[in-house]
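Okay, thanks for coming, everyone. I'll put the sequence and the structure up on the screen, and then we can walk through the parts together.

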Amino acid sequence: ALAMGPEHLSCYEVIYEEDTPLYAQLKAGRFEVDEDLACDMYEALLAAARRGGFTQYEVANFGRRPVEPPGLPRFACRHNIAYWRGRPFHGLGPSASGFVDGVRTRNVPDTRKWCEALEAGRRAIEFRDELPPLARAAEIAGFGFRMNIGWGYEEFRETTGFDLRQEWAEELAWLERTGWGESTGDRFRLTQEGMRFADQVIEQFLRTEAEVAKPAGSGA
């Protein structure tokens, strides 16, 4: 891939999806998941990307230098950044997902049914979920930490209406104790080790139904 001279790399580990032959082989014991090997391969990826002139700006994404403010490579994927920063987006076409005004939607996957709904003057949506403000902020916090710039405290407050240092004080303190996160003045971000465990970090920031029932910005 590096020899082809791309401007951007997205490098994802294998996910064993249900209802696939690979997943069936895994469950049948045809092979085992080697977590140590996966970690070694990830470290090799980081080293190779650096040598190739790439800057890691998200767990699995790399763009060519130079790095531009606020710390993103010039060829960072703007489309995916919108997801990680909690920005709205519309889903167009079968199976497409959308996120507008805190409402998540997913269109029907069947192309024929999608066409029939549009011809009948209906939106072809099969799933709709409106998140309470705190639940939405929790997801935005967690996914935003997949990026190595983390969150600026003021940026997060403007985006969600919540204070990261108040609502998630315990989680931030835990990340610093484990060496997975660090506060750098007006910003909090994951360390290189913490980036490796970003999915676990996201889980720490999610809230229960009782917690999301609190008023927005209460921090209580």
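So, here's my opening question: which strands does helix α2 lie across? That would be β2 and β3, and helix α2, residues 35-51, runs at about 130° to β2. Before I go on, please keep in mind that this is a predicted model.

Let's look at the sheet under discussion. It's an open one with three strands, in the order β1-β3-β2, and the pairing is antiparallel. At the edges we have β1, residues 8-10, and β2, residues 54-58; each has a single partner strand, so one side of each goes without a neighbour in the sheet. From one strand to the next, the twist averages 25°.

If you'd like to follow the pairing on screen, go to β1 and β3, where β3 covers residues 61-64. Those two are joined in the antiparallel sense over three bridges. Start at H8, and its bridge partner in β3 is G63.

Now, back to α2, since it turns up again in the pockets. The largest pocket has a volume of about 910 Å³. What lines it? There are 25 residues in the lining, and Y12, E13, V14, A38 and R196 are the ones nearest the centre of the pocket. The elements giving two or more residues to that lining are α2, α9 (192-196) and α10 (198-205). The largest share is from α2, with six residues. For those of you thinking about chemistry, the lining of this largest pocket splits into 17 nonpolar residues, one polar and seven charged.

On to the second largest pocket, which holds about 480 Å³ of space. Its lining has 21 residues, and closest to the centre you'll find Y83, W84, F89, E139 and F143. Which elements each supply at least two residues here? They are α3 (78-84), β6 (97-100), β7 (103-107) and α5 (133-144). By class, the lining of the second largest pocket has nine nonpolar, five polar and seven charged residues.

Two of those contributors, β6 and β7, also belong to another sheet, so let me turn to that. Again we have three strands in an open sheet, this time in the order β6-β7-β8, with antiparallel pairing. The edge strands are β6 and β8 (125-130), and because each has a single partner strand, one side of each is left without a neighbour in the sheet. Here the twist averages 15° from one strand to the next. Between β7 and β8, which run antiparallel, there are five bridges. To find one of them, take V103 and look across to E130, its bridge partner in β8.

Last stop is α5, which we just met in the lining of the second largest pocket. How does α5 pack with helix α6, residues 153-160? The angle is about 145°, and the axes are 10 Å apart. The crossing of α5 past α6 is right-handed. On the α5 side, A137, I140 and A141 make the contact, and they meet F156, T159 and T160 in α6. Sorted by class, the residues of that contact come out as four nonpolar, two polar and no charged.

That's my tour. Happy to rotate the model if anybody wants another look.

Definitions and conventions:
Residues numbered from 1 in each chain as written. Predicted model: local features only at pLDDT ≥ 70, side-chain atom pairs only at ≥ 80, totals over all residues. Heavy atoms only, no water. Pairing = 2+ DSSP bridges. Helix = DSSP H or I, 4+ residues; strand = E, 2+ residues; numbered from the N terminus. Axes fitted to C-alpha atoms, helices over the stretch in contact; angles between N-to-C directions. Contact = heavy atoms within 4.5 Å. 1 Å grid on protein atoms, 1.4 Å probe; cavity = no way out; pocket = protein on both sides within 12 Å on 5 of 7 lines; lining within 4 Å. Points joined across faces, edges and corners; volume = space filled by probe spheres on them. Nonpolar A, V, L, I, M, F, W, Y, C, P; charged D, E, K, R; others polar. Left-handed = near helix turned anticlockwise from the far one by under 90°.
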